[in-house]
Amino acid sequence: MTNNPSRQNKSHTNHSSHARANRLHSVLFAIARLQDRRFIWLLMSALSLALVGVAHFLFQVYGYMSPCEHCVYIRYAFVVMALGGLIAAINPRRIACKILGYLLGFYGACRGVFFSVKLYFIHRAAHSDDIFGVQGCSAQPHFDFGLPLHEWFPSLFLSSGDCGFDYSMIPSGVELSGFHRAFVELYTDGWYLLPQWQFGNMAECCLLAFGTAFVMLSLMLTSSIFSRATHSKA
């Protein structure tokens, strides 16, 4: 009796496909279990608030970089994501808390992507010869649903800078020395993730952060739906 090579290859292919499917199912189930715990939601809130804190205390207060209109909108989007994470973390197993967490998380991520893209094109126009390309930036912010965040929390949400120009503006009479001066001079040409090489401006980095958050939330939601659907069939 001889073995059929084509049948063996087909059996090997089917076995490999089943193995890949099982690995994928295992990953989805693991993510589904993770988003039923407080850790992942608190992590989203902590990272969002940390970025807002760094922008305000390190760069605005310490580095004298005044936020523009779209900068405070980006802060608002991060705060919305943080709020969603905190609500979901109250009880991640309760469907109501989880739905509110996802809604606010996706809303904040989508709005953040929108504001980051607008700021990116404004920044690109501001640093080019197209002087008429710097549009869509007003002196007073207008937040969603008419929320007067710039009146409630002016230090965080009141715009005082020019869109596309994120330079340090040292008040007159202020003298810097030591590390403080070196820090401010590091951003003489504007804010960049790597200032020496002018790599990654603020709009690009924020777009990356919000895009990553959107992908992670989508993966979490997909895994949750898959897990519930699988358990309902079992």
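How much accessible surface does the protein have, and what share of that surface belongs to carbon and sulfur atoms? In this predicted model, the accessible surface comes to about 14200 Å², and carbon and sulfur atoms account for 65% of that area. As for the interior, buried residues make up 37% of the 234 residues in the protein.

The fold is built from 8 helices and 2 strands. Going along the sequence, these elements line up as α-α-α-α-α-α-α-β-β-α, with the two β elements sitting just ahead of the last α. Contacts with a separation of 6 or more come mostly from residues far apart in sequence: 76% of them link residues 24 or more positions apart.

Helix α3 (residues 69–90) is a good place to look at burial. Of its 22 residues, 18 are buried, so α3 is largely enclosed by the rest of the structure. The geometry of α3 also checks out: at 1.5 Å a residue, its 22 residues should span 32 Å, and the C-alpha atoms at its ends are indeed 32 Å apart.

Back on the outside, Leu 34, Phe 39, Leu 43 and Leu 47 make a nonpolar surface patch of about 360 Å². Helix α2 (residues 38–62) gives the most to this patch, supplying 3 residues. Leu 34, another of the patch residues, is found in helix α1 (residues 5–34). Is Leu 34 buried or partly exposed? Its relative accessibility is 32%, and because buried means under 20% and exposed means over 50%, Leu 34 counts as partly exposed.

Technical notes. Residues numbered from 1 in each chain as written. Predicted model: local features only at pLDDT ≥ 70, side-chain atom pairs only at ≥ 80, totals over all residues. Heavy atoms only, no water. Patch = residues over 30% accessible without salt bridge, like charges linked within 9 Å, V, L, I, M, F, W, Y side chains within 5 Å. Areas by Shrake-Rupley, 256 points an atom, 1.4 Å probe, with all protein chains shown as cover. Salt bridge = Lys/Arg side-chain N within 4 Å of Asp/Glu carboxyl O. Helix = DSSP H or I, 4+ residues; strand = E, 2+ residues; numbered from the N terminus. Buried < 20%, exposed > 50% of the residue type's maximum accessible area, 1.4 Å probe, protein only. Contact = heavy atoms within 4.5 Å. Expected span 1.5 Å × (residues − 1).
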